Amino acid sequence: MRASFAIVVCLLGLSLAAASFTEDQYQLLFSKFVAQYNKKYSADQFFYRYTVFKQNLDYIYNFNKAGNATFKLAMNAFGDETHEEFTAARNGYLNLQNNYIRSQNTDKHVKKVHAAASVDWRTKGAVTPVKDQGQCGSCWAFSTTGSVEGAHAIKTGKLVSLSEQQLVDCSSAQGNQGCNGGLMDQAFEYIIANGGICSEDAYQYTGQDGSCQSSTCKSVATISSYKDVTTMDENALMAAVNIGPVSIAIEADQACFQFYSGGVLSDPTCGTNLDHGVLVVGYGTDSGTNYWIVKNSWGSSWGENGYIRLVRGSDECGIAMQPSYPIV
């Protein structure tokens, strides 16, 4: 369904100059968008969301038409949101200046790990299906569960989906702020202090702040410690990814992220103002271009089935600034 909608956009766009869609075409595409993503609007909201959709559609069309990038954009479930609305709701990494603390916890031996030519932990049963954080700045919690799920699976052979909601509700003592943001390292500290973390099934995600219910479920995975990876060192990050999936922070507030649909993202506007927690699950090379495989938490209809490939070797979007991984 998603692919067919993108095809409709492309077919209409081929005969149009500078995204000058007719009003009938805009309306047709918006009606398909509303049906595909089951959108519900009040009478007051409808025209505004339609206007936003048109602006986003023009942006996508013009970006792809320029043909200057190594990646493509496409309409998705976020097409009725302004960029400001989108980033406010779906990013949530608290970019604290904790370089000294990280330096004291850096794994100085990780570079001794042999880095394979390519790695993909999805093929090794260490990555759960893509999740959706919804309208909650809990990306840090999803990044944390992702790396702990991976470490637990590699150690035990059992892949278990873990509870982001528990981290949202229960890790404030470590400095996290629920849907208002947090840090993966602080979430690791909570899991250690709590003696583990419950499963997703036992402590289900609600996408909003709640009172801590950790006493009502049994921990199914735990970690003994965690390590930070040397800042700005992609070779060290590659070595760490050979151990297992790695939690990272990136700057994801650029417009291209909202509608990324495929390819290797390399964008000069993507800086190092870290605002989004995600998960590196591997790396590889495509037609001579080195890339990282990054699992996001914006649902499987976004990007490459919920993933994005970021160019490797230039610290794209700050990917190598604050990586960390848990130890079971």
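Me: Two strands count as paired if DSSP finds at least two bridges between them. In this predicted model, over how many bridges do strand 4 and strand 6 pair?
Reply: Strand 4 covers residues 246-250, and its pairing with strand 6 is antiparallel. Valine 246 has valine 280 as its bridge partner in strand 6. The two strands meet the requirement of at least two bridges, since the number of bridges between strand 4 and strand 6 is five.

Me: What is the average pLDDT of the protein?
Reply: A score of at least 70 is reached by 93% of the residues. Residues 6-19, however, stay under 50, and where pLDDT is low the predicted coordinates should not be read in detail. For the protein as a whole, the average pLDDT is 91.

Me: How many contacts beyond four places in sequence does the model have for residues 6-19?
Reply: Over residues 6-19 the pLDDT remains under 50. Low pLDDT is a reason not to read predicted coordinates in detail. With that reservation, the number of contacts beyond four places in sequence for residues 6-19 is 19.

Me: Which residue of strand 6 is the bridge partner of aspartate 120?
Reply: Strand 2 spans residues 119-120 and runs antiparallel to strand 6, to which two bridges join it. Strand 6 is largely enclosed by the rest of the structure, because nine of its 11 residues are buried. Within strand 6, aspartate 120 has as its bridge partner glycine 282.

Me: Which residue in the turn between strand 6 and strand 7 has a positive phi?
Reply: Strand 6 (residues 276-286) pairs with strand 7 in the antiparallel sense over seven bridges. Aspartate 286 is bridged to threonine 289 of strand 7, and threonine 285 stands opposite asparagine 290. The two strands form a hairpin with two residues between them. In that turn, the residue with a positive phi, of about 50°, is serine 287.

Me: Which residue of strand 8 stands opposite lysine 295?
Reply: Strand 7 (residues 289-295) is largely enclosed by the rest of the structure, because five of its seven residues are buried. Strand 7 is joined by five bridges to strand 8 (residues 307-311), and the two run antiparallel. Opposite lysine 295 in strand 8 stands tyrosine 307.

Me: Is cysteine 317 buried or exposed?
Reply: Cysteine 317 lies in the loop between strand 8 and strand 9. Its phi is near 60°, a positive value in a residue other than glycine. Its relative accessible area is 1%, and the cut-off is under 20%; cysteine 317 is therefore buried.

Me: What is the relative accessibility of aspartate 315?
Reply: Aspartate 315 is found in the loop between strand 8 and strand 9. Although aspartate 315 is not a glycine, it has a positive phi of about 50°. Aspartate 315 counts as buried, and its relative accessibility is 12%.

Me: Are helix 6 and helix 8 parallel or oblique to each other?
Reply: The axes of helix 6 (139-156) and helix 8 (residues 184-194) come within 9 Å and cross at roughly 60°. The crossing is right-handed. Residues of helix 6, including Trp140 and Val148, meet residues of helix 8, among them Met184 and Phe188. Given the crossing angle, helix 6 and helix 8 are therefore oblique.

Me: At what angle do helix 2 and helix 3 pack?
Reply: The axes of helix 2 (residues 23-36) and helix 3 are 10 Å apart, and the packing angle is about 105°. That angle makes helix 2 roughly perpendicular to helix 3. The contact includes Tyr26, Phe30 and Phe33 of helix 2, and Phe46, Phe53 and Leu57 of helix 3. The angle asked for is about 105°.

Me: How far apart in space are leucine 57 and leucine 73, C-alpha to C-alpha?
Reply: Leucine 57 lies in helix 3 (residues 43-66). Leucine 57 is buried, with a relative accessible area of 0%. Leucine 57 and leucine 73 are 16 residues apart in sequence, and their C-alpha separation is 10.0 Å.

Me: What separates the C-alpha atoms of glutamine 55 and aspartate 80 in space?
Reply: Glutamine 55 is placed in helix 3. Glutamine 55 is exposed, with a relative accessible area of 51%. Glutamine 55 and aspartate 80 are 25 residues apart along the chain, and the separation of their C-alpha atoms is 9.1 Å.

Key:
Residues numbered from 1 in each chain as written. Predicted model: local features only at pLDDT ≥ 70, side-chain atom pairs only at ≥ 80, totals over all residues. Heavy atoms only, no water. pLDDT = per-residue confidence, 0-100. Contact = heavy atoms within 4.5 Å. Buried < 20%, exposed > 50% of the residue type's maximum accessible area, 1.4 Å probe, protein only. Helix = DSSP H or I, 4+ residues; strand = E, 2+ residues; numbered from the N terminus. Axes fitted to C-alpha atoms, helices over the stretch in contact; angles between N-to-C directions. Parallel < 35°, antiparallel > 145°, perpendicular 65-115°, else oblique. Left-handed = near helix turned anticlockwise from the far one by under 90°.
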